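Visitor: I should like to go through this model with you, beginning with the ligand and then turning to a helix. Please guide me through it.

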Amino acid sequence: MNTRVTDLLGIRVPVIQGAMARIADGKLAGAVSAAGGLGIIACGGAPLEWIEQQVRIAREIAGDAPLGANVMLMDPQAPQVAELLTKLRVDVVTTGAGSPANFMAAWKEAGMKVVPVVASSALAARMERMGADAVVAEGCEAGGHIGELTTMALVPSVCDAVRIPVIAAGGVADGRGMAAAFALGAEGVQVGTRFLTVEECCIADAYKERVLKAKDSDTVVTGRGSGHPVRGLKNKWARAMRKLECDAAANPDELEGMYAGSLRRAVEGDVDGGSMMAGQSAALVHERKTAAQAIADLLADAEVRGGMNLQQLACANAQRTGRAACVVEGKE
Ligand code: TUI
């Protein structure tokens, strides 16, 4: 399949793996890239040596296929991570939870593709002016740190605000979601939650089982009060967190203390005491699969159950911007 996103990133299918903090390592990213999508190593909160090692692992798995890494901009170590990724020459860098203004020039100079994740059309437009190659428009159905807008409202708004390709994220876990994203104007999708249960994903089996069993109302947002809303699966930890957040007398240190180590605990299988980040699309994930199978099914299903010719939609979306660079059956 050929869209402006596949052309830009040099990938075979317009599916980008979401950067899941403490989860998306070299093994997962390598498997996604080897399968024709874009694997992304999540660098937020990780030691620099770990990042270097994971890039090596991903490249061993994916060979010459393009590889991406994500910089979490709230991470105090973001400047060092940004510099390391430039040194390692990862093909694509995505950013989240802020504006990558301080790093954009260095990345562009190094020939890297820069794809900021945005939660508003204003930030998308700012990113385009700054030289971003594409944006991921991530709706609040997504897992992890989220903005306010839903994918349904955000994606068309961002498409109207920029001419660079838009990749939709938040709530996309199967072909119906992918077809819907393209119908909204996207030319690629970013998928996180669907990859939580794949064979190559490192999280504990107990976490995978919770995702597989999740229903549509089984996620909850914590941290709204602190200005850092995070979506994850409902569990003991999330309920305690919500209770504490509602308690006007709660000590901020107590909240901070509950966050400390909560991601690591979940990844290691503490499904009661950990923060199991996941999006609302967990309700659509029922099987384990391999990363390659998940990607193949997503594409096949988009055309069958989604009932859409994605290739045609992608070309129509590119043409609306007046910068069509999309070829169908040899015709521009
Ligand atoms: O960044 C994400 N998702 C994440 S980061 C993360 S790590 C974490 N760990 C523990 C606690 C909290 C987070 C887990 N999930 N997604 C991309 C994203 N970016 N979503 C929303 C935004 C965003 C929000 C506001 C981007 C920019 C923004 O405003 C920036 C500005 O300058 O206007």
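Guide: A definition is needed before the ligand shell is described: Ala, Val, Leu, Ile, Met, Phe, Trp, Tyr, Cys and Pro count as nonpolar, Asp, Glu, Lys and Arg as charged, and the others, Gly among them, as polar. Please note also that the model is predicted.

Visitor: How many residues of each class does the shell around the ligand have?

Guide: The ligand has 18 residues around it, and those that come nearest are Ala-97, Gly-98, Val-117, Glu-138 and His-145. Helix H6 (121–130) and strand S7 (144–145) each supply at least two residues of this shell. Sorted by class, the shell has 2 charged, 6 polar and 10 nonpolar residues.

Visitor: Which residue has a backbone N or O atom 2.9 Å from a nitrogen atom of the ligand?

Guide: A polar backbone atom of Ala-97 is 3.0 Å from a ligand nitrogen. For Glu-138, an N or O atom in the side chain is 3.1 Å from a nitrogen atom of the ligand. The backbone atom at 2.9 Å belongs to His-145.

Visitor: Why are the buried residues of helix H5 on the same side?

Guide: The buried residues in H5 (residues 101–109) are Phe-103, Met-104 and Trp-107. They lie on the same side of H5 because the arc they cover around the axis is only 120°.

Visitor: Which exposed residues does the face of H5 turned away from its buried side carry?

Guide: The buried residues of H5 pack against several elements, among them strand S3 (67–72), helix H4 (78–88) and H6. The face turned away from that buried side carries the exposed residues Asn-102, Ala-105 and Glu-109.

Conventions
Residues numbered from 1 in each chain as written. Predicted model: local features only at pLDDT ≥ 70, side-chain atom pairs only at ≥ 80, totals over all residues. Heavy atoms only, no water. Near = heavy atom within 4 Å. Polar contact = N/O pair within 3.5 Å; in protein donor to acceptor, adjacent residues only side chain to side chain. Helix = DSSP H or I, 4+ residues; strand = E, 2+ residues; numbered from the N terminus. Buried < 20%, exposed > 50% of the residue type's maximum accessible area, 1.4 Å probe, protein only. Arc of directions from axis to C-beta. Contact = heavy atoms within 4.5 Å.
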